[in-house]
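I set out to record how the parts of this structure touch one another. My entries follow the order in which I looked things up.

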There are 2 protein chains.
Amino acid sequence: MAGRRVIGVDLGGTKLLAGVVDEEHEVHHRAFRLGRGGSAKEVVDHLIEVIDEVREAAGGDVEVVGLGIPALVDQQRGVAQASNHLPLVDVPVRDLVAERTGLPVVVDNDGNMAMLAEWWWGSARGATDAVLLTLGTGIGGGLLVNGQLVRGAVGAAAELGHIVIDADGPPCPGACPGRGCLEAFVSGTALGREGLRVAHDAPDSALGRALSAGTGITGALVTELAHDGDPPSRALIEEMGRSLGVGLTSLVNLFDPEVIVIGGGAIAAGDFLLDPAREVVARRALPVPRSRVRIVAARFGAESGMLGSAAAALAALADA
Amino acid sequence: MAGRRVIGVDLGGTKLLAGVVDEEHEVHHRAFRLGRGGSAKEVVDHLIEVIDEVREAAGGDVEVVGLGIPALVDQQRGVAQASNHLPLVDVPVRDLVAERTGLPVVVDNDGNMAMLAEWWWGSARGATDAVLLTLGTGIGGGLLVNGQLVRGAVGAAAELGHIVIDADGPPCPGACPGRGCLEAFVSGTALGREGLRVAHDAPDSALGRALSAGTGITGALVTELAHDGDPPSRALIEEMGRSLGVGLTSLVNLFDPEVIVIGGGAIAAGDFLLDPAREVVARRALPVPRSRVRIVAARFGAESGMLGSAAAALAALADA
């Protein structure tokens, strides 16, 4: 069996990452794309491009494709039913990709895929009750309860970014009709938006100078500046960490999880983000569940989704 | 088998209800107490009193006692670990009650018990994914995911009243260290508190006149006046219903449940409470999960907890 390989793909709201992964969880080839498709056809075209690229790099030697997509997924039929961030409404992603690649395809929500990687191989290994949030363009979520992934009645469960933390808060971005959802305050997008605000308000700050120099103000830039010691950038991340902590307080009280895993691009901020979140949970969550829960970074950082898609593909290979 | 009987007990934050229940879910005798114990011993004494009362009324012919208590319960050991509303810290309730009654005892969280009754016999019958909230002194919660009750890593899960709906909201009542929890806005206690505020602010209102006449302003009184057509009382219940709807929005997005069941004393308000909640969910929840979820009153109203405790006792009888 050693040496069998699959492709894992993580389709984000604005990014696409694919990798060839073996049974020892080694990633052999990676392909990365920025940007998003403007139609379902373009999204699928982008998927085929990165799959072809890593497949060719691997010498063609791959057996299954795993796809994690930021959408409500009917996993049995392989259909993306709806998405807050991509034009995917009732799109039979599994069959479309299988047809064009000639490979078996498994598809699931990106948060579920990230949870698989962290549960089987990473920071939630051995847990029966765990929560995972990926902080990227939006928030992806994975939920493990009684040792099972939670999918909900129509496969729409675990939208962890859409718990309300401020009843009268600002409209939620994307296609969510809500207000004051966690995702309105906590994501790479939210961090970039706040960074841009600071850049405008304080032209002499590092963010302000970056803006003058024509650098795009993104969550990644704010994170980089925070690591360089820039106080306003650190303050923005701390503020986001406190909002994250409010959302995690609800999740601790709801699920009494052993571990909460934070991944996605924004986890590049590491403990600058997690320490304020931990502090809020320690102060506000119910004593019994908070006494045990660990709040940790994803072992696979921003690659949990891609690796989890590969994990699902390997599981399909083992079942076949 | 027909005719075998058990006792179901629902211990609330300020009330205690016991009933003798048969295998056809018929309630034969009821006992009710107001008030709460000031110590663990007093709580257990009150339990024994109501159990003895209904047992005697039934002619002694009962086989098991089921206890639902508003606490984090280690169900395997029958121990109340902590409670937001009662002085129960590491109290071996099961063994204490078994010793004094000479009967087998099963114990679980009151929200879990209420969910059992509604799941097996009531408004959530046949569901695999369901949420139950009982609105009384505080909020009790039961959570059914993938056809299983959610207990969490240390048995502390499903504290549905302690999801945050307002990050900067008022301190949560009881022993919860949080702020802006759903329970701070939605409960019989909260309704009574708001009713008292109106009574003071508007002495000529029905609530104001009740206060002048020396009537205690409780959630039950506000509900009664609302049913009588009193506009300020209806407005208070509608406002509480909208807050409930914000919390339910989070729960719909998290669990994608088939049904949300609302019980506890406050469900006496019926659609005065549920319609505003439904309206908020219809407006703010994610389209796919909200398209299917039903928000309904508990079939057994304020008796779900007692009947669920009886259901657990009957299940123990069947297993024995």
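Entry 1. I began with the contact between the two chains, bearing in mind that this is a predicted model. I found that 43 residues of chain B and 43 residues of chain A take part in the contact. I counted two residues as being in contact when their C-beta atoms, placed from the backbone, lie within 7 Å.

Entry 2. I then asked which elements give two or more residues to the side of chain B that touches chain A. They are β6 (79-82), α8 (231-255), α9 (271-284) and α10 (287-290) of chain B. I noted that α8(B) provides the largest share of this side, with six residues. Sorting the side of chain B that touches chain A by class, I obtained 25 nonpolar, nine polar and nine charged residues.

Entry 3. Next I turned to the domains within chain A. Domain 1 covers 5-115 + 303-319, and domain 2 covers 126-298. I looked up the separation of their centres, taken over C-alpha atoms, and it is 24 Å.

Entry 4. How many residues of each domain of chain A are in contact with the other? I found 17 in domain 1 and 18 in domain 2. On the side of domain 1 of chain A that touches domain 2 of chain A, at least two residues each come from β5 (72-74), α3 (110-120) and α10 (304-319) of chain A. Here α3(A) gives the largest share, five residues. By class, I recorded five nonpolar, ten polar and two charged residues on this side of domain 1 of chain A.

Technical notes: Residues numbered from 1 in each chain as written. Chains lettered and ligands numbered in written order. Predicted model: local features only at pLDDT ≥ 70, side-chain atom pairs only at ≥ 80, totals over all residues. Domains from an automatic or database assignment. Helix = DSSP H or I, 4+ residues; strand = E, 2+ residues; numbered from the N terminus. Nonpolar A, V, L, I, M, F, W, Y, C, P; charged D, E, K, R; others polar.
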